[in-house]
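The following exercises ask for a close reading of one structure. Each task is followed by a solution in steps.

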Amino acid sequence: MSQPTNLTNSSNRSTFFLLAILCLAWILPGLIGHQPWKPDEAYSFGLIYHILQSGDWIVPTLGGEPFMEKPPLYYLTAALFGKIFSFALPLHDAARLATGFFMAIALLLTGLAGRELWGKGHGRLAVLILIGCLGLLIRGHEMITDTALLAGFAMAIYGLALSHRRFVLAGFWLGTGTGIGFMSKGLIAPGLVGLTALLLPLAFRHWRSRDYLLCLATAFFAAVPWLTIWPTLLYLRSPELFREWFWINNLGRFLGFAKLGPGSDHWYYLKTLPWFAWPALPIALWTLWQGRRTVFRQAGVQLALTAFLVMLGVLSLASDARELYALPMLLPLSLLAAPGVNTIRRGAASALNWFSIMTFGFIAGVFWFYWFAMISGYPASQAERLQRLQPGYIPAFEPLHFAIALLATLAWLFIIFWARSLPRNPRAVLNSATGITLVWVIMMTVWLPWLDAGKSYRSMIASMQQALPARHACISSNKLGEPQRALLEYYAGILTRRTETHKGIECDLLLVQGSARNPDAPPGPEWNKIWEGNRPGDKSERYWLFQRNPS
């Protein structure tokens with residue numbers, strides 16, 4: 001479909017090492033240096049912390065209660081990273097390294113799939129397009145199980161891509177990726193991968209072969225241990241918890257009868273993907289359009305397009321939707337976009353190139369300007385504005401953060417000038433990926449302390465601890481969210497007894513979460529308020545601690 005260029009030429013080692021460095025520069029910032037952030041990181045770390053404290057990974061537990069939303073693969077892996085690297089890093093930072101591990105796998109397997117489908121060098125283009133996607137930037141660095149799910153999907157897609165050349169190895173990757181996806185987030189991964197694998201031979205003659213059938217058989221045996229060991233252990237431990245996980249948190253969440261998760265209309269992903277999957281989506285559409293007469297005969301297009309349409313269709317039918325759930329769709333879109341890069345019209349390629357340079361360069365310049373204002377106090381109006389937004393932050397110059405951000409900025413400028421020797425089309429994709437990486441590096445270095453000051457619960461929980469009576473029997477909680485319960489256990493060793501689940505238990509302390517604008521009525525005349533607080537700068541959440549009147 002497309003001819004190799006300097007960027008896609010496998011003999012050009014400089015581009016390979018540039019891509020490796022770029023991937024590290026994209027993956028590493030944001031993994032360490034900040035507290036678990038609400039909402040997803042905080043509750044995820046609560047599950048990880050339980051494994052580290054108890055050694056029990058069969059029943060995911062949060063704040064002292066079973067939390068059967070997802071299988072434990074990511075939490076177990078993060079606990080392992082936490083145990084290994086906690087000698088050098090805070091426990092939550094060490095655990096978050098698991099995200100970098102799974103993202104590295106996802107990028108590597110995406111590159112291998114691109115190479116397998118389109119030829120040498122196109123894997124690099126697929127990776128550049130993937131790390132340039134706006135939707136992956138924040139989610140790809142969070143302490144969440146979706147990063148393990150993404151790695152599983154990348155393995156499975158690579159297995160399908162490899163099926164006609166090395167069916168045994170392909171079956172291993174397909175089955176292992178399906179199993180990792182299952183152990184990361186439940187039935188959704190085997191469902192999507194299985195439906196894709198079955199539709200391919202039904203829709204396209206190319207996939208009706210003996211090797212493909214043997215690949216699927218091998219994949220089945222590779223997936224069986226992943227699909228059976230943990231569910232069996234869970235059922236043996238507690239049939240009721242197994243039912244809660246399987247029936248309520250898988251089928252019930254998808255079909256809607258469990259009333260879990262944020263509800264949404266079925267057009268949610270079609271409205272989200274234009275920005276979430278930029279620039280993969282428009283380039284993928286161009287791939288289909290420019291080769292519309294012959295492109296559907298190619299195995300690579302058949303695989304990537306089928307995988308994407310299956311994901312889009314199934315997720316759109318689900319009763320709840322979040323942009324987070326769209327992450328797997330970025331993989332087939334990036335693979336579908338890779339062969340179209342070299343055929344983009346000259347004007348469109350130039351527009352993408354200059355849009356990337358100017359947009360991300362402008363954002364980086366704004367970040368540098370406001371960072372200087374925050375540290376120096378000049379201009380005073382801007383410094384005061386930033387202080388009002390994050391009153392808990394005390395400006396301080398961090399030499400290491402500054403050096404990394406400055407080095408990234410200079411490297412970005414160097415790449416812009418170096419890339420002028422490359423053909424126009426690959427250069428546009430490269431500048432898009434390096435531009436978004438620069439913005440992320442600046443955010444996760446010089447801006448990280450400011451961001452962390454407003455997202456962390458640590459100072460609020462420390463303030464509440466000081467108000468606790470020297471002696472108290474237990475603490476009840478009302479409307480307290482999962483992230484808050486997890487961090488209370490981590491920072492203060494406090495396990496609250498929720499009034500929603502612990503009926504009839506009377507504690508002498510009560511912690512209530514509510515809205516700062518519309519606070520709930522006091523719990524009753526028998527309670528005295530002894531503390532009130534919130535995260536610095538948070539104008540939505542408010543917390544109250546009450547003590548029961550002894551009389």
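**Exercise 1.** In which loop does H34 lie? Determine also whether H34 is buried or exposed, and list its contacts.

*Solution.* The model is a predicted one.
Step 1. H34 is located in the loop that links α1 (13-27) and α2 (40-54).
Step 2. The relative accessibility of H34 is 3%. Buried means under 20%, so H34 counts as buried.
Step 3. When neighbours within four places in sequence are left aside, H34 is in contact with E41, H92, D93, R96, L448 and D452.
Step 4. There is also a polar contact to the backbone: the side chain of H34 reaches the backbone oxygen of G30 at 3.0 Å.
Step 5. For a distance along the chain, take G252, which is 218 residues apart from H34; the C-alpha atoms of the two are separated by 35 Å.

**Exercise 2.** Describe the surroundings of T147, beginning with the helix in which T147 lies.

*Solution.* Step 1. Helix α7, residues 146-162, contains T147.
Step 2. With a relative accessible area of 1%, T147 is buried.
Step 3. The side chain of T147 reaches back to the backbone oxygen of I144, at 2.9 Å.
Step 4. Beyond neighbours within four places in sequence, the contacts of T147 are Y74, T99, F102, M103, R139, G140 and E142.
Step 5. Among these contacts are Y74 and F102. Both belong to an aromatic cluster made up of Y74, Y75, F81, F85, F101 and F102.

**Exercise 3.** In what order do the five strands of the open sheet follow one another, and which strands lie at its edges?

*Solution.* Step 1. The order is β4-β3-β5-β7-β6, and the pairing is mixed.
Step 2. The edge strands are β4 (497-498) and β6 (527-533), each of which pairs on one side only.
Step 3. At one edge, β6 and β7 (residues 541-548) run antiparallel and are joined by six bridges. Within this pair, N528 stands opposite Q547.
Step 4. Helix α21 (residues 458-467) packs on the sheet and touches β5 (509-515), β6 and β7. The direction of α21 makes about 150 degrees with that of β6.
Step 5. Strand β3 (residues 475-478) runs parallel to β5, with four bridges between them; here S477 is opposite L511.
Step 6. Strand β3 also runs parallel to β4, with two bridges, and S476 faces R497 there.
Step 7. The connection from β3 to β4 involves helix α22 (residues 482-492): β3, α22 and β4 make a right-handed β-α-β unit.

**Exercise 4.** Compare the accessibility classes of R458 and R485, and give the helix and contacts of each residue.

*Solution.* Step 1. R458 lies in helix α21, whereas R485 is found in helix α22.
Step 2. R458 has a relative accessible area of 46% and is therefore partly exposed. R485, at 7%, is buried.
Step 3. Leaving aside neighbours within four places in sequence, R458 is in contact with Q35 and Y491. On the same condition, R485 is in contact with L62, G63, E65, L480, I494, T496 and R498.
Step 4. R458 and G493 are 35 residues apart in sequence, and their C-alpha atoms are 12 Å apart in space.

**Exercise 5.** How many aromatic pairs are there? Classify the pair of W275 and F276 and the pair of Y490 and Y491.

*Solution.* Step 1. The count comes to 33 aromatic pairs.
Step 2. W275 and F276 form an edge-to-face pair, at 5.5 Å centre to centre and with 80 degrees between the planes.
Step 3. In accessibility, W275 is partly exposed at 44%, while F276 is buried at 0%.
Step 4. For Y490 and Y491 the ring centres are 5.1 Å apart and the planes are at 40 degrees, so this pair is tilted.
Step 5. Y490 is buried at 17% relative accessibility, and Y491 is buried at 16%.

**Exercise 6.** Which residues of helix α13 are buried, and what covers them?

*Solution.* Step 1. In α13 (residues 280-290), the buried residues are A280, L281, I283, A284, W286, T287 and L288.
Step 2. Their cover includes the helices α5 (122-131), α12 (268-276), α14 (299-317), α15 (330-337), α16 (346-376) and α19 (424-443).

Key
Residues numbered from 1 in each chain as written. Predicted model: local features only at pLDDT ≥ 70, side-chain atom pairs only at ≥ 80, totals over all residues. Heavy atoms only, no water. Buried < 20%, exposed > 50% of the residue type's maximum accessible area, 1.4 Å probe, protein only. Polar contact = N/O pair within 3.5 Å; in protein donor to acceptor, adjacent residues only side chain to side chain. Contact = heavy atoms within 4.5 Å. Pairing = 2+ DSSP bridges. Axes fitted to C-alpha atoms, helices over the stretch in contact; angles between N-to-C directions. Right-handed = clockwise from strand over helix to strand, strands pointing away. Phe/Tyr/Trp six-rings, centres within 6.5 Å; stacked < 30°, edge-to-face > 60°.
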